[in-house]
Amino acid sequence: MLPDHARDWPLWARLLHGAIRAYCRFFHRLHAEASTLPEAGPALLAANHHAGPDPLFLIATNRRLISFLIAMEYYRVGALTWLYDKAGCVPVKRVRPTASSLRGVLERLEQGRVVGIFPEGGIHPPEERVHPKAGIAMLALENGAPVFPVHIDGIRQLPGHDVKTFLRPRRVRVRYGPAVDLDDLRRRYTGDRDRALLNEAARRIVDAIYALSR
């Protein structure tokens, strides 16, 4: 896995990061506010997910390595698996995340890394609010890592092959917010069987994401 900060990456990784930034800035006319991620330490980065390129906008606006939870079918795409491993990505099954996936995320956080996650699961239209998954809430409450919301606006998934969405120029805006306050829920948390508490934590995280769209 690559080092945590871009200043310590090998040349090929810095060049790839520069190419991603150029693609987002010039092709999608990306406008982004400063990231609220800390310079070091564990963090969960939680974003809405309306299009395939969304992870690239988060990568382009941060200098720290982001290890994403990634659907198993994307993780197994040929040579990209090597790149995902270098980024510390954690493959996960869409229907029911396995214990090994959850351990993988907790390990990244224990190593002081940033984990990128889309609380609503898969891609959905911007006008559709999806009930958030409880997984991110459990990770935040189990580990105690701060959760930083980010909202991506100006892009949506096109029907058909993913490539169409990547090759359609847009005007994208990314806004970051302060860490979501979950302290009261962490004090009450006794385990993953408390579904009501997990749902409340997940709702707070998603509400914080969409509050940035106003």
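Buried here means under 20% relative accessible area, exposed over 50%, and partly exposed in between, with a 1.4 Å probe and protein chains only. The model is predicted, so that local features need pLDDT of at least 70 and side-chain atom pairs count only at pLDDT 80 or more, while totals for chains, interfaces and linings use all residues. Residues are numbered from 1 along each chain as its sequence is written, and side-chain values use heavy atoms, with hydrogens and water left out.

**Stop 1: helix α6 and its surroundings**

Select α6, which spans residues 135–143; helices (H or I, at least four residues) and strands (E, at least two) are DSSP runs, numbered from the N terminus. In this helix I136, A137, M138, L139, A140 and L141 are buried. Following α6 comes G144, with a positive phi near 85 degrees.

From A140, move to L109, which lies in helix α5 (residues 99–110) and is buried at 2% relative accessibility. L109 and A140 stand 31 residues apart in sequence, and their C-alpha atoms are 9.7 Å apart in space.

Next select I152 in strand β6, a residue that is buried at 1% relative accessibility. Its C-alpha is 9.5 Å from that of A51, although 101 residues separate I152 and A51 in sequence.

**Stop 2: helix α1 and the loop after it**

Select W12, L16 and W82 together, and show them as a surface: they make a nonpolar patch of about 300 Å². Patches are made of residues with over 30% relative accessible area and no salt bridge, like charges being joined within 9 Å and nonpolar side chains (Val, Leu, Ile, Met, Phe, Trp, Tyr) within 5 Å. The accessible areas come from the Shrake-Rupley method with a 1.4 Å probe, and for residues only the protein chains shown count as cover. W12 is placed in helix α1 (residues 11–27) and is partly exposed, with a relative accessible area of 34%.

Then go to R29, in the loop between α1 and β1 (31–32), where phi is near 50 degrees, a positive value in a residue other than glycine. Most residues other than glycine have a negative phi. R29 is partly exposed, at 40% relative accessibility.

**Stop 3: the second largest pocket**

To see the second largest pocket, select its lining: R21, R25, L30, A32, E33, A60, T61, N62 and R63. On a 1 Å grid over the protein atoms alone, a cavity is a set of points where a 1.4 Å probe fits but cannot get out, whereas a pocket is an open set with protein on both sides within 12 Å along at least five of seven lines, and lining residues have an atom within 4 Å of a point. About 190 Å³ of space lies in this pocket, where grid points are joined across faces, edges and corners and the volume is the space filled by probe spheres set on the points. The lining has 3 nonpolar, 2 polar and 4 charged residues, with Ala, Val, Leu, Ile, Met, Phe, Trp, Tyr, Cys and Pro counted as nonpolar, Asp, Glu, Lys and Arg as charged, and the others, Gly among them, as polar.

Among the lining residues, R63 sits in the loop between α2 (54–60) and β3 (66–71). R63 is partly exposed, with a relative accessible area of 42%, and its C-alpha is separated by 9.3 Å from that of S35, 28 residues away along the chain.

**Stop 4: salt bridges**

The whole structure holds 8 salt bridges, each a side-chain nitrogen of Lys or Arg within 4 Å of a carboxyl oxygen of Asp or Glu. Select E127 and R156, whose side chains meet in one of them at 3.2 Å, N to O. E127 lies in the loop between β5 (114–117) and α6, and R156 in the loop between β6 (147–153) and α7 (162–166), so the pair ties together parts that are 29 residues apart in sequence. E127 is exposed at 59% relative accessibility, whereas R156 is partly exposed at 35%.

In helix α8 (residues 183–188), D183 and R186 are 3 residues apart, about one helical turn, and they form a salt bridge with the closest N and O atoms 3.5 Å apart.

Finish with D184 and R204, a salt bridge whose closest N and O atoms are 2.8 Å apart. D184 lies in helix α8 and R204 in helix α9 (residues 195–211), so this pair ties together parts that are 20 residues apart in sequence. D184 is partly exposed at 26% relative accessibility, and R204 is also partly exposed, with a relative accessible area of 21%. Extend the selection to D184, E200, R203, R204 and D207, which salt bridges that share partners join into one network.
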